Each structure stands twice: as C-alpha cells, then as structure tokens.
Amino acid sequence: HIYLVTLAGLGQGAARQVLCTFRDTSAEEAAEAMRRDFVANVSHELRTPLTALTGFIETLQGPARDDPGARERFLSIMAREAGRMNRLVRDLLQLSRVEAEERVRPRDPVDLAAVLASVRSTLRPVAEGLGATVRIDAPAGAIPVPGDHDQLVQVFSNLMENALKYGTAGQEVRVTVTREPSFRGPAVRVAVADRGEGIDPVHLPRLTERFYRVDSHRSREKGGTGLGLAIVKHIVARHRGWLKIDSVKGEGSTFTVILPVA
Ligand code: ADP
C-alpha cells in the first residue's frame, strides 16, 4: 500500500507531503517458511533410505561378507530402499513439472474412459495381490475432456492406488463417472470410492499438503512418498477442475474429481 500523507500547515512553502510506503510481507514470509519446510522434508525423506543403504553396504563389506544368507537378505532390503528413493525423486520431479506448468491449461482431446480403463489394467497386479477389484461405472463410449493425457493418468492412478492401498483386503474399489451439467459449465465427475479405513475429519483439510500423512509409518510401509495427493491437487487445478474428499472413519473414503469439458 502506498499512502500520500499531506501535512497541512507544516513548513514554509517547502515540502508538505510525505510519501509513506507500507508493504505487507506476511505472504512472502509464509511462502519462504513453506519452502524451508519443504527442503527440510525432502532432505529427511532422502536421508532415511540413504542411511539404511550406507549401513547395509558397510555390513556387506565387513561382518556379512562371507554370509550368503545375510547377503541375500540385505540386498533385498537395499533394493527396497533404493526403490523408495527412486519413487521419491520421480514424484518430486513430477510435482515441480506440474507446478511450473500450472498457468497453462492443457487442452489436448483426452478420452477419460480410455484413461480410466488403462489405469485399471496397470493396477490389476496390485489389486490382485490384495484380492481386490476395481469396478468402473461409466456412460458407454468415449468421454472426451480437454486435458493432458499423461497427467490425467497420473491423477487416477494415484487415487485408485490409494484406494487399494488404504482399503480393506478383498474389497471393491468403485470408480463412478457421471456428467455434471453445472460446474462452471458442463463437466465430468469421477468418484473413486473405497471401503477402507477412512480418514478422521481433522486430517481432511491438510491431506493434499506435500508429505502430509495420517500415519507416516503405514504410508512408508506401503511404499508411499506422501506426495501423491499434492500431485493430484496441482494437476486438477491445472485442468481448472475441483478435488473433493469425503470420508467416514471406519467406513471408507471417496475422492471426487470434477473436470470441465469445455
Ligand atoms: P502416500 O504416498 O502417503 O499415500 P498421498 O499424498 O497419496 O501419500 O496421501 C496422503 C495421505 O492421505 C496418506 O498417507 C494416507 O494417510 C491418506 N490417504 C490417502 N488416500 C486415502 C484413502 N483412500 N483412504 C485412507 N487414507 C488415505
């Protein structure tokens, strides 16, 4: 804000006005604090698997050198930790790419029906491993939306994978597609619903923050990076859409994405 203050009756014909500038820096400070938190979080997330890898390398070079059983065991733990680092770096790159492009709305013609079917078939091994199924209820035929194909695959892959991961073994994940006539014009609504553990309402507002997890141990155990929903939020925003989360603890969760079609 810039204020021009006139000081009536002061001075002798000389300067009677004073220019006062006040700048509200709280938004900048909040952004800077977020950036610091993010760097601290990334460092911590990378250091955990790195420490494990370094420890196992030392053990393999020393005490476990001549123990084939221990070597096998340690190598498989090392592969898991390296996989964790790989996923983290992949998600960080994805997040920064989406953020960089957020102002540009993607408008390639994408068939949402094909996107959902391909995500379901990619996740089939995961679903089968859990004895779960993914059911898609959608209008027949193509469902065209303007967007970025790979990013929409990413959105529904993250949501369906979460529904399977945090669901109950043997359950059905249900994906329902409906037309939405009145979301800033015509739109498509996709709801991904699970009958899993559900989420306590206190967590809902923060769920799409980077690295926010309801249960860090459980997320890590399931190979989560804590970035999946942050990526979903940014991609949906880039598509000028809307993400809504409904959940009842102990009953399950529904993640709804609304995408404008025009
Ligand atoms: P993660 O890699 O930990 O799964 P996400 O950003 O995808 O990270 O999700 C953030 C957190 O939200 C998860 O750690 C989990 O606690 C919670 N969450 C996400 N999806 C579901 C779901 N379908 N049911 C219950 N909790 C969920």
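**Figure 1. Phe211, a buried residue of a loop in the predicted model**. Phe211 has a relative accessibility of 10% and therefore counts as buried, since the term applies to residues under 20%. The residue lies in the loop between strand E7 and helix H6. Its phi angle is near 70 degrees, a positive value in a residue other than glycine. Most residues other than glycine have a negative phi.

**Figure 2. Tyr212 in the loop between E7 and H6**. Tyr212 is found in the loop that runs between strand E7 (187-193) and helix H6 (216-221). Is this residue buried or exposed? Tyr212 counts as buried because its relative accessibility is 19%, and the limit for this class is under 20%. In sequence, Tyr212 and Gly226 are 14 residues apart. In space, their C-alpha atoms are 6.0 Å apart.

**Figure 3. Polar atoms beside the oxygen atoms of the ligand**. A polar backbone atom of Gly226 is 2.8 Å from an oxygen atom of the ligand. For Leu229, a polar backbone atom is likewise 2.8 Å from a ligand oxygen atom. Asn162 contributes a polar atom of its side chain, which lies 2.9 Å from an oxygen atom of the ligand. On its own, the ligand has 530 Å² of accessible area, and the protein covers 97% of it.

**Figure 4. The ligand in the largest pocket**. The ligand sits in the largest pocket. Three elements give two or more residues to the shell around it: helix H5 (149-165), helix H7 (228-238) and strand E9 (252-260). Which of the elements gives the most to this shell? The answer is H5, with three residues.

**Figure 5. The residues that surround the ligand**. The ligand is surrounded by 19 residues. The closest are Tyr166, Ser219, Thr225, Gly226 and Leu229. By class, the shell is made up of nine nonpolar, seven polar and three charged residues.

**Figure 6. Arg240, a partly exposed residue with a positive phi**. Arg240 is placed in the loop between helix H7 and strand E8 (242-248). Its phi is about 60 degrees, a positive value, although Arg240 is not a glycine. The relative accessible area of Arg240 is 31%, so the residue is classed as partly exposed, a class that lies between the limits of 20% and 50%.

Notes:
Residues are numbered from 1 along each chain as its sequence is written. This is a predicted model: local features need pLDDT of at least 70, side-chain atom pairs count only at pLDDT 80 or more; totals for chains, interfaces and linings use all residues. Side-chain values use heavy atoms; hydrogens and water are left out. A residue is near a molecule or strand if one of its heavy atoms lies within 4 Å of it. A polar contact is a pair of N or O atoms within 3.5 Å; within protein, one must be able to donate a hydrogen and the other to accept it, and residues adjacent in sequence count only if both atoms are side-chain atoms. Accessible areas come from the Shrake-Rupley method with a 1.4 Å probe; for residues, only the protein chains shown count as cover. On a 1 Å grid over the protein atoms alone, a cavity is a set of points where a 1.4 Å probe fits but cannot get out, and a pocket is an open set with protein on both sides within 12 Å along at least five of seven lines; lining residues have an atom within 4 Å of a point. A molecule sits in a cavity or pocket if more than half of its atoms lie within 2 Å of its grid points. Helices (H or I, at least four residues) and strands (E, at least two) are DSSP runs, numbered from the N terminus. Ala, Val, Leu, Ile, Met, Phe, Trp, Tyr, Cys and Pro count as nonpolar, Asp, Glu, Lys and Arg as charged, and the others, Gly among them, as polar. Buried means under 20% relative accessible area, exposed over 50%, partly exposed in between (1.4 Å probe, protein chains only).
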